[in-house]
Amino acid sequence: MKQLEQLTNEFLKQYYTTMMTSRANLINFYTENSSLSYGGRLQQGMKAIKEHIEGLSFTTIQYMVEDKDIHPGVVPGSFIVLVVGRLCIDGESTFNFSQSFTICPNGSGGLYIHSDIFRIVT
C-alpha cells in the first residue's frame, strides 16, 4: 500500500501542478477512453474533455489538497483516489471541492485518467 500511496502522491502533484501552471497540457492525462464529470456535466473522449478544459473561465487557480483516500482498482495496476480540499480562483474566490479519479495503466508503462469526477462542495 505504501507504493500505491507514493504513486498517488506523485500523480496528484503532477495533475494539480499542471492545472495551476499549464492547463492546456492537462489533456495529456486523458485518453479517448476517458470521461470527466464537472459539476454533473459529463464529457467523454479527448475532444470533449479538451474543449471543457479550454473553456474554463478563470485565469489562475490554486489547489490545497487537505485529504485523500486511495483504493486499488479492479483492473490490475489501477487505483481509485478521492481528494477533498480547497481551491482559490483568480486569487479571490475560495471553494471546497471533492474530486475522484480512476487511474488505469495505459498499456505503454504509464497511467491515464479513466474517470475524473469533480464537484464544488457547498
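This report describes the fold, the core and four single residues of a predicted model.

## Overall fold

The protein chain holds two helices and six strands. Read from the N terminus, the order of elements is α-β-β-α-β-β-β-β. The radius of gyration is 14 Å, close to the 14 Å that the globule rule gives for 122 residues, so the chain is as compact as a globular protein of that length. Along the principal axes, the C-alpha trace spans about 40 × 30 × 25 Å.

Contacts across the sequence can be counted too. Take the contacts in the protein chain with a separation of 6 or more: residues 24 or more positions apart account for 45% of them.

## Surface and charge

Of the 122 residues in the protein chain, 36% are buried. The accessible surface comes to about 7,300 Å². Carbon and sulfur atoms own 50% of that surface.

The chain carries 9 positive and 11 negative charges. The mean positions of these two sets are 1 Å apart.

## The nonpolar core

In soluble globular proteins, nonpolar side chains tend to be buried together. Here the largest nonpolar core has 27 residues. Seven residues touch the most other members: Phe11, Tyr15, Tyr16, Tyr30, Tyr63, Phe101 and Ile113. Both helices feature among the elements that give two or more residues: H1 (2–21) and H2 (45–55). The strands that do so are E1 (30–38), E3 (61–72), E4 (79–89), E5 (93–105) and E6 (111–121). Helix H1 gives the largest share, six residues.

Phe101 shows how the core is joined. Beyond its neighbours within four places in sequence, Phe101 contacts Phe11, Leu12, Tyr15 and Tyr16, among others. Its partners also include Phe79, Ile80, Val81 and Val83. Ile113, Ser115 and Asp116 are on the list as well.

## Two buried residues on strands

Tyr112 lies in strand E6. Its relative accessible area is 11%, under the 20% cut-off, so Tyr112 is buried. Leaving out residues up to four places away in sequence, Tyr112 touches Phe29, Thr31, Asn33 and Ser34. It also touches Thr102, Ile103, Cys104, Pro105 and Asn106. Phe101 is eleven residues from Tyr112 along the chain, and their C-alpha atoms are separated by 9.8 Å.

Ser35 sits in strand E1. At a relative accessible area of 16%, Ser35 is buried. With residues up to four places away set aside, Ser35 touches Leu42, Gln43, Gln44 and Ile49. Further partners of Ser35 are His114, Ser115 and Asp116.

## A helix residue and a loop residue

His52 belongs to helix H2. Its relative accessibility is 16%, so His52 counts as buried. Apart from neighbours within four places in sequence, His52 is in contact with Leu36, Tyr38 and Gln43.

Thr59 is found in the loop between H2 and E3. Is Thr59 buried or exposed? Its relative accessible area is 66%, over the 50% cut-off, so Thr59 is exposed. Not counting residues up to four places away in sequence, Thr59 touches Arg23 and Asp90. Glu92 is 33 residues from Thr59 along the chain, and the C-alpha atoms of the two are separated by 11 Å.

Terms used. Residues are numbered from 1 along each chain as its sequence is written. This is a predicted model: local features need pLDDT of at least 70, side-chain atom pairs count only at pLDDT 80 or more; totals for chains, interfaces and linings use all residues. Side-chain values use heavy atoms; hydrogens and water are left out. A nonpolar core is a set of buried Ala, Val, Leu, Ile, Met, Phe, Trp, Tyr and Cys residues joined through side-chain atoms within 4.5 Å. Buried means under 20% relative accessible area, exposed over 50%, partly exposed in between (1.4 Å probe, protein chains only). Helices (H or I, at least four residues) and strands (E, at least two) are DSSP runs, numbered from the N terminus. Contact means heavy atoms within 4.5 Å. The radius of gyration is taken over C-alpha atoms; the globule rule is 2.2 Å times the number of residues to the power 0.38. Accessible areas come from the Shrake-Rupley method with a 1.4 Å probe; for residues, only the protein chains shown count as cover. Lys and Arg count as positive and Asp and Glu as negative; His and the chain ends are not counted. The place of a charge is taken as NZ of Lys, CZ of Arg, CG of Asp or CD of Glu.
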